[in-house]
Amino acid sequence: MSDNYYDILGVSQQASGAEIKKAYRRLAKKYHPDLNPHDKNAEEKFKELNKAFEVLGDKRKRALYDEFGQEAKNFDFDPKKAAAYKQSAASGQGFDQGFGQGFDQGFGRAYEAGSSAHFNFESLFGQMFGRRSPTQGVDLQTRITLSLAEAVRGVERKIQIHGKNLEVKIPAGVDKGSQVRLAGQGAPGERGGPPGDLYIGIEVQPHPLVKREGNNLLMELPLTLREAALGADIEVPTFTGSVTVTIQPGTQSGTRLRLKQRGIPSLQKGGSTGHLFLTVHIYLPPLQNPAYAHAIEHLESAYKGNVREKLKL
């Protein structure tokens, strides 16, 4: 793996701070250990990304990295220590003479602790030059699936993410592709840094009777021949409770009725709720006895002219 921080993040040295942050967040989500369990390569890649962003995401550290490269780690990206480093290099002392004494003392203390001591170079340089700055945790993503009724009404769901149990309030009106953001519920930050956010993607199951068009709902309304011909008051279910609909006498199959604001609430502030549109479909009873057939023949005489007279292409 490259030790060039720009290469690790996949950006050029001329990239803006916003471009660097965008690249880091995209790659950190891709390689986060929570999303790649038991994948050692992803874990190592994630660590390298954090190291690279810790430097390139900080203007001061980035400037020193651009000037000194990986050697900037030797003085922990401290401008004062960088000046001392340059001065010692100019005088011919170099790193070994300018900083070697502190290094030797630190190594000696580790050696004196015994052969079983774990010699941590990062910890040693941290003691010599100060700790690294906090890093914000990466954002996490997950998905949940709702019924259409839950999407219309809103719902509370319990989920588990990053070892935590969370109760999520899904607002009324969400659709497939909607996202709910839980601030501070992403991955924890490093070295005391703030946590990232959690983004919950929404999937909505299709309904067997109702379709969605924007914030409107569409449903077929079955009527008997008598209800359509003579009119009737019928009860119609909606996701927000039943309503009584008056069918006018002589209603034809295909007629569209509108139930105002019985659709889906708008997610936009100040937006209006959609409507429920009912399309009439007249159902005939099964032809089971001669009396019914006779009644149909009698009704035929009520038609005036050819009902398909205007059916011309």
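Is E43 buried, partly exposed or exposed? In this predicted model, E43 is partly exposed, its relative accessible area being 27%. The protein has an average pLDDT of 83, and 84% of the residues reach at least 70. Salt bridges, of which the model contains 11, are the main topic of this briefing.

**Confidence**
- Residues 94–130 have a pLDDT under 50 throughout.
- For this segment, the model has 39 contacts beyond four places in sequence.

**Salt bridges: K47 and E43**
- E43 pairs with K47 in a salt bridge, with 3.8 Å between the closest N and O atoms.
- The two residues belong to helix α3 (residues 40–56), where a spacing of four residues separates K47 from E43 by about one helical turn.
- K47, like its partner, is partly exposed, with a relative accessibility of 40%.

**Salt bridges: K61 and E54**
- A salt bridge links K61 to E54, and their closest N and O atoms lie 3.4 Å apart.
- K61 and E54 are both buried.

**Salt bridges: E203 and R143**
- E203 and R143 form a salt bridge through their side chains, at an N to O distance of 2.9 Å.
- Because E203 lies in strand β5 (residues 198–204) and R143 in strand β1 (residues 140–146), the pair ties together parts that are 60 residues apart in sequence.
- E203 is partly exposed at 24% relative accessible area, whereas R143 is exposed at 53%.

**Network**
- K40, E43, E44 and K47 are joined into one network by salt bridges that share partners.

Notes. Residues are numbered from 1 along each chain as its sequence is written. This is a predicted model: local features need pLDDT of at least 70, side-chain atom pairs count only at pLDDT 80 or more; totals for chains, interfaces and linings use all residues. Side-chain values use heavy atoms; hydrogens and water are left out. pLDDT is the predictor's confidence in each residue, from 0 to 100. Contact means heavy atoms within 4.5 Å. A salt bridge is a side-chain nitrogen of Lys or Arg within 4 Å of a carboxyl oxygen of Asp or Glu. Buried means under 20% relative accessible area, exposed over 50%, partly exposed in between (1.4 Å probe, protein chains only).
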